[in-house]
Amino acid sequence: MNPGSLNDKILYLRLQDKDKEAFIKAYDLYLDSIYRFVFFKVGNKEEAEDLTSLVFLKTWDYIQTNKLDEFKSIKALLYKVARNTIIDHYRKQSQKQEISLEQGDEMIDVVDEKSDPFKSLVIAEAFQSLKDKLFELKDEYREVIILKYIDELSVAEIASVLNKSQGNVRVLIFRAVNALKKIAATEKRSNEKPKRD
């Protein structure tokens, strides 16, 4: 279900008054898309489910204690909270990855600084070829492609999620799409091997 902007605006206005029923409706409208966004980032079904639940809890807590003036819509707020929740998740995970190795009487802390938090990302079969190409993009390009073309956020919503101006988001989308086209073109050329007689 692709929620209309009118529904979002009405819910957003009701949520400014901390309306619990409006939040339940927002949950029903956006649960699938927030779950998909989180899953694209973590690649694990159980983690994605847990983090999605946490996103909605954090969003409700935020609504209870803050004014919603800075966001354009409930959708933008949910994606912002989801993005921050994923960042926190990877920070905690990287702290857990510190391994103590015993060498004689000394302890050495080892942290894998080169580990890519998105390397375990697994997406649905329909996106398999896209996934391979997305991994070749830098993180900010990959993120903006997912937000714009997979999760179908507007430029204004993406700007709110990323804390960037709409002009910067448009430039970022343009560059990300061009980078993706170059990757696809390079792959196509490498697959077209000349036939020899």
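Leaving aside its neighbours within four places in sequence, which residues is Ser160 in contact with? Keep that question in mind while the whole chain is still on screen, and bear in mind throughout that this is a predicted model.

**The whole chain**

With the protein chain selected and drawn as a cartoon, you should be able to count 8 helices and 2 strands, and, following the elements from the N terminus, you will meet them in the order α-α-α-α-β-β-α-α-α-α. If you switch to a surface, the accessible area of the chain comes to about 12,500 Å², with carbon and sulfur atoms holding 50% of it. Of the 197 residues in the chain, 38% are buried, and among the contacts with a separation of 6 or more, 60% join residues that are 24 or more positions apart.

**The largest nonpolar core**

Next, select Tyr30, Ile34, Val38, Ile74, Leu137, Leu147 and Ile158, which are the residues that touch the most other members of the largest nonpolar core, a set of 50 residues. To see where this core draws its residues from, colour helices H1 (5–15), H2 (20–42), H3 (45–65), H4 (74–96), H6 (139–150), H7 (155–162) and H8 (166–191), each of which gives two or more residues to it; H2 gives the most, with 11 residues. In soluble globular proteins, nonpolar side chains tend to be buried together.

Within this core, centre the view on Ile34 and display its surroundings: apart from residues up to four places away in sequence, Ile34 touches Thr52, Val55, Phe56, Leu78, Tyr79 and Ala82.

**H2 against H3**

Keep H2 in view and add H3, so that the pair can be examined along their axes, which lie 9 Å apart at an angle of about 140°. That angle makes H2 oblique to H3, and the crossing of the two helices is right-handed. The contact between them can be followed by selecting residues on both sides, including Phe23, Tyr27, Tyr30, Ile34 and Val38 of H2 and Leu51, Thr52, Val55, Phe56 and Trp60 of H3.

**H2 against H6**

Now hide H3 and show H6 instead, whose axis is 11 Å from that of H2, with an angle of about 150° between the two. Angles over 145 degrees count as roughly antiparallel, and H2 and H6 are therefore described in that way; their crossing is right-handed. On the H2 side, select Arg36, Phe37, Phe40 and Lys41, and on the H6 side Glu143, Ile146, Leu147 and Ile150, since these residues make the contact.

**The loop before H6**

From H6, move to Lys138, which lies in the loop between helix H5 (128–134) and H6. Lys138 has a relative accessibility of 45% and so counts as partly exposed. A distance label drawn from its C-alpha atom to that of Ala179, a residue 41 positions away along the chain, should read 9.3 Å.

**H7 and Ser160**

Finally, select H7, a mostly covered helix in which 7 of 8 residues are buried, namely Val155, Glu157, Ile158, Ala159, Ser160, Val161 and Leu162. The residue that follows H7 is Asn163, and its phi is positive, near 60°.

Ser160, found in this helix, has a relative accessibility of 12% and therefore counts as buried. With its neighbours within four places in sequence set aside, the residues in contact with Ser160 are Glu70, Phe71, Ala76 and Lys80, which returns the tour to its opening question.

Definitions and conventions. Residues numbered from 1 in each chain as written. Predicted model: local features only at pLDDT ≥ 70, side-chain atom pairs only at ≥ 80, totals over all residues. Heavy atoms only, no water. Helix = DSSP H or I, 4+ residues; strand = E, 2+ residues; numbered from the N terminus. Buried < 20%, exposed > 50% of the residue type's maximum accessible area, 1.4 Å probe, protein only. Contact = heavy atoms within 4.5 Å. Areas by Shrake-Rupley, 256 points an atom, 1.4 Å probe, with all protein chains shown as cover. Core = buried A, V, L, I, M, F, W, Y, C linked by side-chain atoms within 4.5 Å. Axes fitted to C-alpha atoms, helices over the stretch in contact; angles between N-to-C directions. Parallel < 35°, antiparallel > 145°, perpendicular 65-115°, else oblique. Left-handed = near helix turned anticlockwise from the far one by under 90°.
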